[in-house]
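Hi,

Here is the structure I promised to pass on. Have a look at it first, and my notes on what turned up follow below.

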Amino acid sequence: MSHTINREAYQEFYRGLAAHGNQHLGGDFGRIQFALRHIRLGDTVLEMGCQDGGITRHIAAKAGSVYSVEINQDALDRAPKLANVRYVCGFAEDIEHVDVFDAVLIMELLEHVIDPFELLCAAHHATKPGGRLIVTVPEAGKYVDTLGEHVREYDVDMLFEEIAAVYGPANVDVFPERGGTSLFGLAVKP
């Protein structure tokens, strides 16, 4: 896997990033509401890159169970302890579950990873047939990366192409957040 050579660099980077917490969620719950619209009551959910559980707690209130993966143990130590959430410290790309999850969330993560194709393949592999991939990323030109944490920027076409390369173009919808700074992506595993 391409990320294996970068494990130490990723871990160090995210330790520093975790010090900032989920400040980007302050007052802007558009992406959380988007995710909740596409998670059904009782779903099994995989959350890739959960940070300190800022989104997890909202998802867990609706999902039957949540499996949240985060590379940064310091962030996981601050995550809310919830009965239906299992936190795992590691790389989301290493998930070995096959056809397990009703929904997979990749929220505000693709812009950080070196190989988004690898992450999307892991998500596809873990999703049940008919299951949903829910993606959010900052929209290029509408979000200023003041921490220098992004590897790439996304516009609608680029996000669509990356998701469609794994899920197939007929199974993907990408659109900008109305009045916001994010792009929303939704895919269904055939």
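Let's start with histidine 97, which sits in the loop between strand 3 (85-89) and strand 4 (101-107). Bear in mind throughout that this is a predicted model. Is histidine 97 buried, exposed or partly exposed? Its relative accessible area is 26%, so histidine 97 counts as partly exposed. Leaving out residues up to four places away in sequence, histidine 97 touches Tyr67, His125 and Ala126. With alanine 126 the C-alpha to C-alpha distance is 5.1 Å, although 29 residues separate the two in sequence.

One of those partners, tyrosine 67, takes us to the aromatic rings. There are four aromatic pairs in the model. In one of them, phenylalanine 34 and phenylalanine 184 have ring centres 4.3 Å apart and planes at 10°; that angle is under the 30 degrees cut-off, so the pair is stacked. This pair ties together distant parts of the chain, since phenylalanine 34 belongs to helix 2 (residues 30-37) and phenylalanine 184 to strand 7, 150 residues apart. Both rings are in buried residues: phenylalanine 34 has a relative accessible area of 0%, and phenylalanine 184 has 5%.

Tyrosine 67 and phenylalanine 101 make another aromatic pair, this one tilted, at 6.0 Å centre to centre with 40° between the planes. Here too distant parts of the chain are linked, with tyrosine 67 in strand 2 and phenylalanine 101 in strand 4, 34 residues apart. Tyrosine 67 is buried at 13% relative accessible area, and phenylalanine 101 counts as buried at 5%. Going back to the stacked rings, ring pairs also join Phe34, Phe175 and Phe184 into a cluster.

What does helix 2 pack against? Its buried residues are Arg31, Ile32, Phe34, Ala35 and Leu36, and they pack against helix 3 (56-60), strand 4, strand 5, strand 6 and strand 7.

Now the interior. In soluble globular proteins, nonpolar side chains tend to be buried together. In this model the largest nonpolar core has 30 residues, and those with the most contacts inside it are Leu46, Met48, Ile106, Leu110, Leu133, Leu159 and Ile163. At least two residues of this core come from each of strand 1 (44-48), strand 2 (65-70), strand 4, helix 5 (116-126), strand 5 (127-138), helix 6 (156-167), strand 6 (172-176) and strand 7 (182-188). Apart from this core lies another one, of 22 residues, including Ile39, Ala60, Ala63 and Leu76.

Take leucine 110 as a closer look at the 30-residue core. Beyond its neighbours within four places in sequence, leucine 110 is in contact with Pro116, Leu119, Leu120, Val135, Val137, Arg152, Tyr154 and Leu159. Pro116, Leu119 and Leu120 are among the buried residues of helix 5, as are Glu118, Ala122, Ala123 and Ala126. The buried residues of helix 5 pack against strand 1, strand 4, strand 5 and helix 6.

One last spot is aspartate 43, in the loop between helix 2 and strand 1. Aspartate 43 is a charged residue name you might look for outside, so is it buried or exposed? The relative accessible area is 6%, so aspartate 43 is buried. A polar atom of its side chain lies 2.8 Å from the backbone nitrogen of arginine 40. Neighbours within four places aside, aspartate 43 is in contact with His38, Ala63, Gly64, Ser65, Asp102, Ala103 and Arg132.

Cheers

Notes: Residues numbered from 1 in each chain as written. Predicted model: local features only at pLDDT ≥ 70, side-chain atom pairs only at ≥ 80, totals over all residues. Heavy atoms only, no water. Helix = DSSP H or I, 4+ residues; strand = E, 2+ residues; numbered from the N terminus. Buried < 20%, exposed > 50% of the residue type's maximum accessible area, 1.4 Å probe, protein only. Contact = heavy atoms within 4.5 Å. Core = buried A, V, L, I, M, F, W, Y, C linked by side-chain atoms within 4.5 Å. Phe/Tyr/Trp six-rings, centres within 6.5 Å; stacked < 30°, edge-to-face > 60°. Polar contact = N/O pair within 3.5 Å; in protein donor to acceptor, adjacent residues only side chain to side chain.
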